[in-house]
Amino acid sequence: METKELVEVVLPGTVEPEGLRLRRGPVPAAGPGQVLVAMEATGVSFAEQQMRRGRYYDQPPFPFVPGYDLVGTVATVGEGVDAGLVGRRVAALVKVGGWASHVVVDAADAVPVPDGIGAAEAEALVVNGITAWQMLHGKARVRAGATVLVHGANGGVGTVLVQLARAAGATVIGTASARHHDALRALGVTPVDYRTEDVPARVRELAPGGVDAVFDHIGGRSVRDSWRLLAPGGTLVSYGSAATRDDTGSKQWPVLRILGRVWLWNALPNGRRACFFNIWAGRAFAADRFRARLRADLTDVFAAHGRGEITAQVAAVLPLARVAEALRLAESGTVTGKVVLTP
């Protein structure tokens with residue numbers, strides 16, 4: 001039975017997970033061009049881990065409702081929206097606002113979820129799937145026969161990325177702590193323990209000529225090591241600065257430092273290239289094109305799931321009321337895949 005009350009999680013400031021608050025209120029109405037989605041699954045991304053520390057580089061001012069993406073059923077539509085959408089399961093990338101029982105989104109941002117995939121599984125493929133797909137196929141253009149290095153191969157993005165890379169015919173090396181190695185081997189990945197092994201040395205052993213692509217969410221020293229591991233013609237895709245999650249000081253500086261390195265490396269005549277991936281790039285200047293690409297890429301990810309090329313790795317499913325526990329679990333580094341929240 002669908003509740004007629006809005007329940008949402010509020011991040012009041014830089015707090016421990018237990019400092020998140022539940023807020024109740026009236027269910028919002030869909031305005032012109034919008035749909036009201038009854039959330040079935042939302043997730044804990046690395047972004048929220050940064051946001052609660054005030055470390056996400058363009059987060060809104062406190063207090064706000066976090067939640068990067070969601071999957072749910074269209075409950076009502078606003079003026080000018082096809083009434084046939086009511087009852088359809090959709091996914092949406094929202095950056096904030098997803099940790100709520102009901103979320104209003106622009107109809108143009110609601111991507112149909114195919115039949116045959118559960119809400120939690122679909123949720124594990126939204127931001128993680130789009131990120132992995134765009135980095136692998138859009139930025140690095142990985143082809144069959146390539147060798148790629150994926151840092152954090154057990155994480156939300158990492159688990160999708162290694163499977164998509166394997167489906168593309170690539171050889172995959174993945175870093176993770178030892179507890180995740182069996183799961184990675186089952187996905188066809190050669191695991192490297194970043195805690196006990198010298199990662200650059202081990203990767204050079206496995207790929208003496210260098211790797212064709214590296215996907216690095218760590219930043220800091222790791223991004224420099226990643227650049228040095230590239231083969232001629234290889235691509236480094238940096239997409240975060242996890243190493244600075246618990247730092248204090250400017251939240252923009254770690255990203256600006258990576259952008260500076262990327263600019264410098266691309267100016268060198270060495271046949272390799274680097275880029276910093278931001279899933280929101282282009283939205284401000286070409287919203288329609290941004291939405292069309294996002295819709296196409298997420299549809300491709302769902303299709304890959306339908307073909308059995310990727311499985312959605314759901315680490316745990318917890319209700320919104322247990323959000324503190326969910327966030328602690330996601331931050332623990334002990335899980336493979338995505339921690340999912342339900343109403």
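Biologist: In which sense do strand 11 and strand 12 pair, and over how many bridges?

Modeller: Before answering, I should say that this is a predicted model. As a general idea, strands of a sheet pair through backbone hydrogen bonds, either parallel or antiparallel. In the present case, strand 11 (residues 211-216) and strand 12 (residues 230-238) pair in the parallel sense over five bridges, and within that pairing F215 stands opposite V237 of strand 12.

Biologist: Which helix packs on the sheet there, and which strands does this helix touch?

Modeller: That is helix 7, residues 220-228, which touches strand 11, strand 12 and strand 13. The direction of helix 7 makes about 155° with that of strand 12. Helix 4 (residues 156-167) lies across strand 8, strand 9, strand 10 and strand 11, and runs at about 175° to strand 8.

Biologist: What is the strand order of the open sheet?

Modeller: The open sheet has six strands in the order 10-9-8-11-12-13, with parallel pairing. Strand 10 and strand 13 stand at the edges, each with a single partner strand, so one side of each is left without a neighbour in the sheet. From one strand to the next, the twist averages 15°.

Biologist: Let me take a residue from strand 13, namely A274; is A274 buried or exposed?

Modeller: A residue is called buried here when its relative accessible area is under 20%. A274 has a relative accessible area of 5%, and therefore counts as buried. Leaving aside residues up to four places away in sequence, A274 touches W227, L236, V262, W265 and N266. As for W253, which is 21 residues from A274 along the chain, the C-alpha atoms of the two are separated by 18 Å.

Biologist: Where is S177 found, and which residues does S177 touch?

Modeller: S177 is found in the loop between strand 9 and helix 5, and at 4% relative accessibility S177 counts as buried. Again without counting residues up to four places away in sequence, the contacts of S177 are with D193, Y194 and R195.

Biologist: Now to another part of the chain: which strands pair with strand 15, and in what sense?

Modeller: Strand 3 (residues 34-44) pairs with strand 15 in the antiparallel sense over three bridges, whereas strand 14 (residues 314-319) pairs with strand 15 in the parallel sense over five bridges. V339 of strand 15 can be followed through both pairings, for V44 stands opposite V339, and the bridge partner of A316 is V339 as well. From strand 14 the chain crosses through helix 10 (residues 323-331) to strand 15, and this β-α-β crossover is right-handed.

Biologist: How many of the residues of strand 15 are buried?

Modeller: Strand 15, residues 338-342, is mostly covered, since four of its five residues are buried.

Biologist: I would also like to read the backbone in the loops; which residues are joined by a cis peptide bond?

Modeller: The cis peptide bond joins F62 and P63, with an omega of about -10°, and P63 is found in the loop between helix 1 and strand 4.

Biologist: What is the phi of K95, and what is that of R141?

Modeller: K95 has a positive phi of about 75° although it is not a glycine. K95 lies in the loop between strand 5 and strand 6, and at 16% relative accessibility it counts as buried. Phi of R141 is near 45°, also a positive value in a residue other than glycine, and R141 is found in the loop between helix 3 and strand 8.

Biologist: Finally, how many helices and strands are there in the protein, and what is its radius of gyration?

Modeller: There are 10 helices and 15 strands. With 343 residues, a compact globule would have a radius of gyration near 20 Å, and the protein agrees with this at 20 Å. Along its principal axes the C-alpha trace spans about 60 × 40 × 40 Å, and 52% of the residues count as buried. The accessible surface comes to about 14,600 Å², of which 53% belongs to carbon and sulfur atoms. Among contacts with a separation of 6 or more, residues 24 or more positions apart account for 67%.

Methods: Residues are numbered from 1 along each chain as its sequence is written. This is a predicted model: local features need pLDDT of at least 70, side-chain atom pairs count only at pLDDT 80 or more; totals for chains, interfaces and linings use all residues. Side-chain values use heavy atoms; hydrogens and water are left out. Buried means under 20% relative accessible area, exposed over 50%, partly exposed in between (1.4 Å probe, protein chains only). Contact means heavy atoms within 4.5 Å. Helices (H or I, at least four residues) and strands (E, at least two) are DSSP runs, numbered from the N terminus. Two strands pair if DSSP finds at least two bridges between them. A crossover is right-handed if, with the strands pointing away from the viewer, the path from the first strand over the helix to the second runs clockwise. The radius of gyration is taken over C-alpha atoms; the globule rule is 2.2 Å times the number of residues to the power 0.38. Accessible areas come from the Shrake-Rupley method with a 1.4 Å probe; for residues, only the protein chains shown count as cover. Axes are lines fitted to C-alpha atoms, for helices over the stretch in contact, and angles run from 0 to 180 degrees between N-to-C directions.
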